Amino acid sequence: MPGRRKAALRLALRLYARELRRRPLLTGLALLLPALGSICLHYLPPLAVAGLVSRIVAGEALSTAVLAPYLALFVGALVAGEICWRCGIHCLNRVDAYGMEELYVSGMDELLAKDAAFFHENFAGSLTKRVLTFASQYEDFVDTLAFQIVANLLPLAFASVVLWQFDPRLVLVLLGMITLTAVAVSPLIRRRQALVDAREASWVRLSGHVADTLMNMDAVRAYASELREAAEHERRVREHRRLTLVSWDYNNLRIDTIVGPMSIIANLAGLLLALAVATRDGGPGVAAVIVTVAYLAQATGVLFEFNQIWRRIERSLTEAAQFAELLLDSPTVLDPETPEPRPTGPADVRLDGVRFSHTGHAEPLFDGLDLHVCDGERVGLVGRSGGGKTTIIRLLLRLMDVDEGRILVGGRDITRLAQADLRSLIAYVPQDPVMFHRTLGENIAFGRPGATAAEVHAAAAAAHVLEFADALPDGFDTLVGERGVKLSGGQRQRVAIARAVLRDAPVLLLDEATSALDSESEAHIQQALWRMMQGRTAIAVAHRLSTVAGMDRLVVLDRGRVVEEGSHAELLAAGGGYAQLWRRQSGGFLGG
Ligand SMILES: Nc1ncnc2c1ncn2[C@@H]1O[C@H](COP(=O)(O)OP(=O)(O)O)[C@@H](O)[C@H]1O
Ligand SMILES: [Mg+2]
C-alpha cells in the first residue's frame, strides 16, 4: 500500500513539524546558532588571514596597528563561533528533550484511545517499539536538520556572497559542483535505500527469531532443540552480516568513488580559477586564492554528507511513519459529544436486534440477537466454544461497537454514555486474565483506585487470594512477573475476581471466571461468586455447567443464536442439547 505509506510519512513529518513550531524562538535559535557558529569558526578566519597576507604581499610593515584588526577578527570569530555552538546546542538539547517528552506522552495517549480490536491485530511488542522510536527518532531528525542541513546551507550562502565579490564564476564552480554531485549521486542513493531496506528486513527477521525463541524457552528445553534454534539464529545473523556489508560496500565503493573525484575536481577548478582571478589587473589579488581554497575545502565536505543526511532524515521519518501509520485510522469506539448521565436506577442489561461481525469475517456472528437480563437477575451463558459468549461480554463492555441494533444498560443505550461511566457500572472477570508486572496488591487494587488497604484485603479474602498470598515471599508486595507468570492460572483468576469484588459495580460479567481452578478451589470460589452476585445483575459464562446450574436462567448460545433458554430444571425437562451436555458432563449419573 504505497499510498498509505506516503500518507503515513506525511503525517509523521507533520507531527514532527508541529513539535518544532511549539517553541518557535527556541527552535529558531537551535537551528540558526550552530550555522552561525560554523560561519564564525570556518569562514571568518580565512578572511582575516587573507587580509593580513594581502598587506604583507603589498610590502607593508606589520605594526601593531596593522595587525590588531585582523587578529581581533581572527580571535573574535573563533570565540564567537564557540559561543554560538555552546548556546545553539543548549537550545537544541531543550528542543530535543521537550519534543521527545511530548511525543512519548502523546504517542501513548493515542494508543490508549485505540479500539480494543486494534490490540488484537497488533503485537504489543511491535507497538512498544513503534511508539517509543516515534519519540526517540525526533532527536535524530532535529539534530540532522540543525547540524547537517542548516549548518551546511547557511555557511554555503555566506561563502557564495563572499566569493561573488571576487568573481561570480567562483560561485558557479562551487554551487555547480555541488549540484552536479547531488544529481549524479541521487539515483545511487535511491538504489542504496533498497539495500538498506533489505538489511533492515533481515534485522527484523533476526530479532523476531530471538524474541520467539526466548518466549518459548520451555518448549525449546522440553524438545531439546537448543542446537536447532542456535543454528537458525546463526543462519539469520550470517544473512544479516552479508546484507550489511553489501550496503556498506555500496556506500564506500560506489557512491563515495563518485563523490571523491568530484570534490577533487571542484577544489582544483576553484584553485585555478582563483589564480586567474587573483592575477587579473586590479583584481582581489592573493586574498582571493586563500579564501577560495579555504572555502572550497570546507564547503565540498558537504558532498560526503549528502548520503548521510539523506539516510538519517529518511530513517527517522520512516521510523516515525511506522507509528504514524497507526494513527491514520481513527478509533471508532468514541464517547458521545454530550454523554447522558450515568444511570443510577435498576441495572438491567438488554441486547436489542444486535448484528455484529468480527473484522475479517464475512458472515455476521450475531444477526438480530435479543437478550434481556433483568435488574438483579443472574443469567448463565453456556454453549459450544466459538458460540459468541465472550463476544457478547465484550460488546456489553463496549470494547467494540455493534453493527446494527443496540445495547442498553440501566435503560440507556451504551453508545450514549461516556465509556468511563458505562464501565464503572460493570465488574468484569475475563476469560484468561493476565496481570500487570506490578505487586499482587497493586493488581487487586487496580479494580478501584484509591481503595484502602483494608478494602483490598477484604476483597482478597473474599476471592480466596489470601490463601496463596501468605505463601508468597513478600505477600501482597510480591511482584507477579510479566503478565503474571509467577502465578498459576487459577491464582490469576482469583486475583481477577478480587479485583471485581473491589470494583463493587451493579453489573457483573464473568467469562469462565473459574475455568482454571480445580474442583475444590472452584467450590470455594463459587461461594464467593454467589455472594458477589447477590443483588447484582450478573451474566456468567461457563463451560462447566455445574457452576451455573443454580442461576436464575440459562441461555444456550450456538453459532451466535440463542437455541435454548430457561432454568436448569426446565432445560433438563425439555431434553434438548443442554440436557444432553449436562448428562455428558455429570457422567450420566446426576439427574436434575
Ligand atoms: N478478535 C477477533 N477477531 C476475529 N474473530 C474473532 C475474534 N474474537 C472471536 N472471534 C470469533 O468469533 C467467534 C466467537 O468467539 P467467542 O465469542 O470467543 O466464542 P466463545 O466465547 O463462545 O467461545 C469465534 O468463531 C471466534 O473465532
Ligand atoms: Mg469465550
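Student: How many residues of strand β8 (residues 537-541) are buried?

Tutor: A residue counts as buried if 20 or more other C-beta atoms lie within 10 Å of its own, as exposed if 12 or fewer do, and as partly exposed in between, with C-beta atoms placed from the backbone. Strands here are DSSP runs of E with at least two residues, helices are runs of H or I with at least four, and both are numbered from the N terminus. In β8, five of its five residues are buried, so by the neighbour count the strand is mostly covered. The model is predicted: local features need pLDDT of at least 70, side-chain atom pairs count only at pLDDT 80 or more, and totals for chains, interfaces and linings use all residues. Residues are numbered from 1 along each chain as its sequence is written, while chains are lettered from A and ligands numbered from 1 in the order in which they are written.

Student: Which residues of β8 lie on one side and which on the other?

Tutor: In a regular strand the side chains alternate between the two faces of the sheet. For β8, one side holds Thr537, Ile539 and Val541, the other holds Ala538 and Ala540, and both faces are covered.

Student: How many bridges join β3 to β8, and how many join β7 to β8?

Tutor: Strands of a sheet pair through backbone hydrogen bonds, either parallel or antiparallel. Pairing requires at least two DSSP bridges between the strands. Strand β3 (residues 378-382) runs parallel to β8 with four bridges, and Arg378 has Ala538 as its bridge partner there. Strand β7 (residues 507-511) also runs parallel to β8, joined by five bridges; Leu510 is partnered with Ala540.

Student: What unit do β7, helix α17 and β8 make?

Tutor: A crossover is called right-handed if, with the strands pointing away from the viewer, the path from the first strand over the helix to the second runs clockwise. β7, α17 (residues 519-533) and β8 form a right-handed β-α-β unit.

Student: Which strand do four bridges join to β7, β6 aside from β8?

Tutor: β6 (residues 426-429) is parallel to β7, with four bridges between them. Tyr428 of β6 stands opposite Leu509 in β7. Ile426 and Tyr428 point one way from β6, Ala427 and Val429 point the other way, and all are buried.

Student: What is the phi of Glu512?

Tutor: Glu512 is not a glycine, yet its phi is positive, near 50 degrees. The residue sits in the loop between β7 and α17, and counts as buried because 22 C-beta neighbours fall inside 10 Å. His464 likewise has a positive phi, about 55 degrees, without being a glycine. His464 lies in the loop between α14 (453-462) and α15 (466-469) and is buried, with 20 C-beta neighbours inside 10 Å.

Student: What is the strand order of the open sheet with antiparallel pairing?

Tutor: The four strands are ordered β2-β1-β4-β5. β2 (366-373) and β5 (412-413) are the edge strands, each pairing on one side only. Six bridges hold the antiparallel pair of β1 and β2, and Leu351 stands opposite Leu371 in β2.

Student: Is Arg355 buried, exposed or partly exposed?

Tutor: Arg355 belongs to β1 (residues 349-356) and is partly exposed because it has 15 C-beta neighbours inside 10 Å. Its C-alpha lies 4.3 Å from that of Asp367, twelve residues away in sequence. Contact means C-beta atoms, placed from the backbone, within 7 Å. Leaving aside neighbours within four places in sequence, the contacts of Arg355 include Pro364, Phe366, Asp367 and Val402.

Student: Where is Ala117?

Tutor: Ala117 lies in the loop between α3 (64-112) and α4 (118-121). Beyond four places in sequence, Ala117 is in contact with Thr359 and Met400. The C-alpha atoms of Ala117 and Leu399 are separated by 7.6 Å, although their positions lie 282 residues apart along the chain.

Student: Which residues are around ligand 1?

Tutor: A residue is near a molecule if its C-beta atom, placed from the backbone, lies within 6 Å of it. Those around ligand 1 include His120, His358, His361, Leu365, Lys389 and Thr390. Helix α11 (residues 389-396) supplies the largest share of this shell, three residues.

Notes
Contact = placed C-beta atoms within 7 Å.
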